[in-house]
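This report describes selected helices of one protein model, together with the confidence assigned to the prediction.

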Amino acid sequence: MIVRLLCGFGRFVWGVAKVCIVLTMLAGFLLALYFLRPVPVPAPQAGSLLELTLAGRIADTRPVAGGLAGMIREADPVTLLGDVTDAVRYAKKDARIAGILLRVDDLEGIGGASARMIGEALDEYRRETGKHVWCYGWNFTQAQYAVAAHADRLWLHPMGRVDVKGLSGETLYWGSFLKHLGVEAEVYKAGDFKSAPEVFERASPTKENLAAQRSYLSDAWTTMLEAWKVGRGWKDDAWKTYREAQNALEPMPEGEARHQRRYGLVDETGDEAAFRTALRKAYAKDGKEVALTNLYDFLDSSDGAEGTGPGVAVLYAEGEMVDDPRMGRLVADELVERIAFVKEDENVRAVVLRINSPGGDAMAAEKIRSALLGLKEKGKPVVVSMGDTAASGGYWVSTGAQKIVADPMTLTGSIGVFAVFPKLVDLREALSVGYGGYATEGELSDGAPWRETSAVRRHALKSSVDFVYRTFKSHVAEAREMALTDVERLAAGRVWTGRQALDLGLVDELGTLETAVKLAKEAAKLPSEAAVYHFDARAVRWWQPILSGFPAARALFSKWMETEEMLESDTGRVQALVPLPASL
């Protein structure tokens, strides 16, 4: 009797389970049909304004990471640089677009090279079409103004301000504070200008670090002011005149916004209602509202096809280079897999690697460089296009290419390496925590931060750093056809702008991603109209819209992720990394 009851209950449970499975599959099928259904894209009306909204940070690709942490990071708002420049390029040829409405209120971060590229695209649009670029701001951060300065109808709220403050390498130095806690960082570095580990061991920057910052930040700021001069139509001494007025504490009874308008930083001041009225007066017909077409609808409705058949593959290397997929930045093995794929693709005759990376793990950088050399052996030319940053490990990877193209604002170089090993002995003793145990190989088993670093361990770390540094310099010497003594002069961890790097022979040409694609086609003897295949540039994950609505959750999991990475990362690994500002 009991057996029959149990069997019957089992059959009931199995029946319910089968129904649940079927319903789940049906629901999944219906959801797939819903998401895969063709959605008509609204075509721009004649006389429309292209609404160019820049939100979050500007990047070449969206970040990719494993697990829940990766999903959280991917939910952070990102606007792709290629989407923006493509839309402006298409708008030049589209007679339906009467002008551009630029929105930068939600722009959180942008690199110098990206700002210059977007600004140059907007300047070219105005120059070639004779049409206007409009922009309104309650306030403008420096990052927002770096793009907005290229609008020729630039409005600012009367109570607002343009917060331009120049470029700075200032940061917190934790060395003394950590020692108060009983924490010490043992640093092993090669290159007097390699400043990345300084923040853990010192209370202030070294004179070498200050000299390097003065060099590349001054050059980058000069380049930015030159771009604003073109975008704003300033006279040669316009910025100097404005700064002199600031330093003289010139009275501003009319408010800072109107004061800045007087010196040409903006074109007009007024509230948002006045701005909308000006737009309607310029573009609305028969009392209707101004017709707008948003960035992504416009891209979807534009013919962005870049050909078929033999062509150039564009790969993207963005973020800090790591070996561990859980850390979710630029995972070397994943990029190597993509390189291997295009290596065997018969339609890919040349490769452009777009790098926007401060470097990272030296072994990760070497894996990617070696994969690029494999393309060369296959007879496929490789051209590197540098974005906002391609320094340290980013430059290491670049040595695997035949040509290097940089933006004048690119931060590159930083040929140097380091390793950091934390020492927590004083903290352990202050907390009266003991430590001990048997190790089969004595000092060879050393590696725990809770004990004094042995001479064997220190010797191994220093030797490893010195060897990797020599390897780095030899890669540069071979790739750039330089004498090792000349590389020594440019190395030591020193950072250069793209413009400086060209003069020093570290890059071949100044230009954009399109410049690199053109060089790749020429190297592969392809016609100018040959196909261009982009990998990983516009992938959108299904969970991004969901998680983007929960900023508190994103912040919480981001902190958890950073802590996990810090605790699980291998200390003492040689790093080819430079701590450069991610945005203006």
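Which residues in α17 are buried, that is, under 20% relative accessible area (exposed being over 50% and partly exposed in between; 1.4 Å probe, protein chains only)? In α17 these are Leu461, Val465, Val468, Tyr469, Thr471, Phe472, Lys473, His475, Val476, Ala477 and Arg480. The model is a predicted one, in which local features need pLDDT of at least 70 and side-chain atom pairs count only at pLDDT 80 or more, while totals for chains, interfaces and linings use all residues. Residues are numbered from 1 along each chain as its sequence is written, and side-chain values use heavy atoms, leaving out hydrogens and water.

**Overall composition and confidence**

The protein holds 22 helices and 23 strands, taken as DSSP runs (H or I, at least four residues, for helices; E, at least two, for strands) numbered from the N terminus. Of its 584 residues, 48% count as buried. Mean pLDDT (the predictor's confidence in each residue, from 0 to 100) is 83 for the protein, and 80% of the residues reach 70 or more. Among the elements, β17 has the highest mean pLDDT (97) and helix α21 (residues 544-547) the lowest (38). Over residues 537-570 the pLDDT is below 50. Where pLDDT is low, the predicted coordinates should not be read in detail.**Helices α17 and α20**

Helix α17 spans residues 455-480; at 1.5 Å a residue (times one less than the number of residues), its 26 residues should span 38 Å, which agrees with the 37 Å between its end C-alpha atoms. Helix α20 covers residues 513-523, and its buried residues are Leu513, Thr515, Ala516, Val517, Leu519, Ala520 and Lys521. The elements packed against each helix are partly listed below, a contact being heavy atoms within 4.5 Å.

| Helix | Among the elements meeting its buried residues | Residue that follows, with phi |
|---|---|---|
| α17 | β8 (184-190), α14 (362-377), β19 (417-423) | glutamate 481, positive, near 55° |
| α20 | β11 (311-318), β14 (348-357), β16 (382-391) | lysine 525, positive, near 55° |

β17 is one of the elements that pack against the buried residues of α17, and β17 is also included in what covers those of α20.

**The pair α3 and α4**

The axes of helix α3 (residues 81-93) and helix α4 (residues 112-129) come within 9 Å and cross at roughly 5°; axes are lines fitted to C-alpha atoms, for helices over the stretch in contact, with angles from 0 to 180 degrees between N-to-C directions. The two helices are therefore roughly parallel to each other (under 35 degrees; over 145 is roughly antiparallel, 65 to 115 roughly perpendicular and the rest oblique). In α3, the residues meeting α4 include Leu81, Val84 and Val88, and those of α4 include Met117, Ile118 and Leu122.
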